[in-house]
Amino acid sequence: MAAPKAARSLSGRFASVIPPDVLQDGEIVLLMAKPSPLFVLLGSLRSSAALAFVAMLLATMNNAALDLGWMGLGGRSLRTGLDSRDILLAGAGLIGLRWFWQLLEWLSHVYLLTDRRVIRARGVLGVSVIEVPLARLRQLEAHAGFKERLFGLGSITLGDGGGLHAEWSMLDRPQEVFHTVRDAVRRYGGGPR
């Protein structure tokens with residue numbers, strides 16, 4: 001009786017990301033997780049910083065009245081005729097679009113642990129689903145990069161030892177999730193002990 005309820009709640013809550021036929025008959029969902037909301041900020045940090053740098057550089061160069069005669073360009077300057085504020089606003093708009101895309105990425109990530117397998121689903125334009133049966137799970141690894149450690153986040157790599165693996169990225173409470181997955185593997189079969 002519990003399995004159909006789990007399947008219904010999954011299809012209602014994650015219907016936009018998880019295809020409806022992902023759960024098998026009688027399969028019990030033990031854990032549903034997503035990356036931390038900080039995934040939006042941290043995942044777009046590098047590209048946002050690069051966009052901000054380029055926008056500020058262009059705005060600064062736009063204000064510069066440099067004599068480019070030494071480059072064989074005569075008395076021309078770098079001025080584009082645009083207001084530097086417009087350049088900065090365009091840069092801010094591009095950064096906003098980058099954050100919006102990262103938000104869509106965050107919304108599309110879903111991690112599932114069932115009594116039979118681990119599943120990672122993600123994708124904005126197309127959904128990618130990777131599943132590793134618990135009976136074949138041979139790799140279970142927790143790790144955290146500098147940005148993740150700074151915010152108390154972590155990632156878990158789950159694999160079958162033969163090339164099939166899924167990564168659950170930027171999780172809140174990664175050690176708790178790690179132990180939950182490890183306990184499920186011990187209880188329902190397979191892999192690391």
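Among contacts in the chain between residues at least 6 apart in sequence, 53% join residues at least 24 apart. The model is predicted. The chain has 193 residues, and 38% of them count as buried. Its accessible surface comes to about 11,200 Å². Carbon and sulfur atoms account for 61% of that surface.

The chain holds six helices and seven strands. Read from the N terminus, the elements follow the order α-β-α-α-α-β-β-β-β-α-β-β-α.

Four strands form an open sheet. Their order is β1-β2-β3-β4, and the pairing is antiparallel. Strands β1 (29–33) and β4 (128–133) stand at the edges. Each has a single partner strand, so one side of each is left without a neighbour in the sheet. From one strand to the next, the twist averages 15°.

The pairing of β1 can be followed in detail. Its partner β2 covers residues 110–114. The two strands run antiparallel and are joined by four bridges. Ala33 has Tyr111 in β2 as its bridge partner.

A helix also meets this part of the sheet. Helix α6, residues 174–188, lies across β1, β2 and β3 (117–122). The helix runs at about 155° to β1.

Ser36 is found in the loop between β1 and α2 (38–43). The relative accessible area of Ser36 is 2%. Buried means under 20%, so Ser36 is buried. Which residues is Ser36 in contact with, leaving aside its neighbours within four places in sequence? They are Trp106, Leu153, Met170 and Asp172.

Leu58 offers another case. This residue lies in helix α3, which spans residues 45–63. Is Leu58 buried, partly exposed or exposed? Its relative accessible area is 44%. Partly exposed residues fall between the 20% and 50% limits, so Leu58 is partly exposed. Leu58 also belongs to a nonpolar surface patch. The other members of the patch are Phe53, Val54, Leu57 and Met61. The patch has an area of about 450 Å².

Two residues thus illustrate two settings in the chain. Ser36 is buried in a loop that follows β1, whereas Leu58 is partly exposed and contributes to a nonpolar patch on the surface.

Key:
Residues are numbered from 1 along each chain as its sequence is written. This is a predicted model: local features need pLDDT of at least 70, side-chain atom pairs count only at pLDDT 80 or more; totals for chains, interfaces and linings use all residues. Side-chain values use heavy atoms; hydrogens and water are left out. Two strands pair if DSSP finds at least two bridges between them. Axes are lines fitted to C-alpha atoms, for helices over the stretch in contact, and angles run from 0 to 180 degrees between N-to-C directions. Contact means heavy atoms within 4.5 Å. Patches are made of residues with over 30% relative accessible area and no salt bridge: like charges are joined within 9 Å, nonpolar side chains (Val, Leu, Ile, Met, Phe, Trp, Tyr) within 5 Å. Accessible areas come from the Shrake-Rupley method with a 1.4 Å probe; for residues, only the protein chains shown count as cover. A salt bridge is a side-chain nitrogen of Lys or Arg within 4 Å of a carboxyl oxygen of Asp or Glu. Buried means under 20% relative accessible area, exposed over 50%, partly exposed in between (1.4 Å probe, protein chains only).
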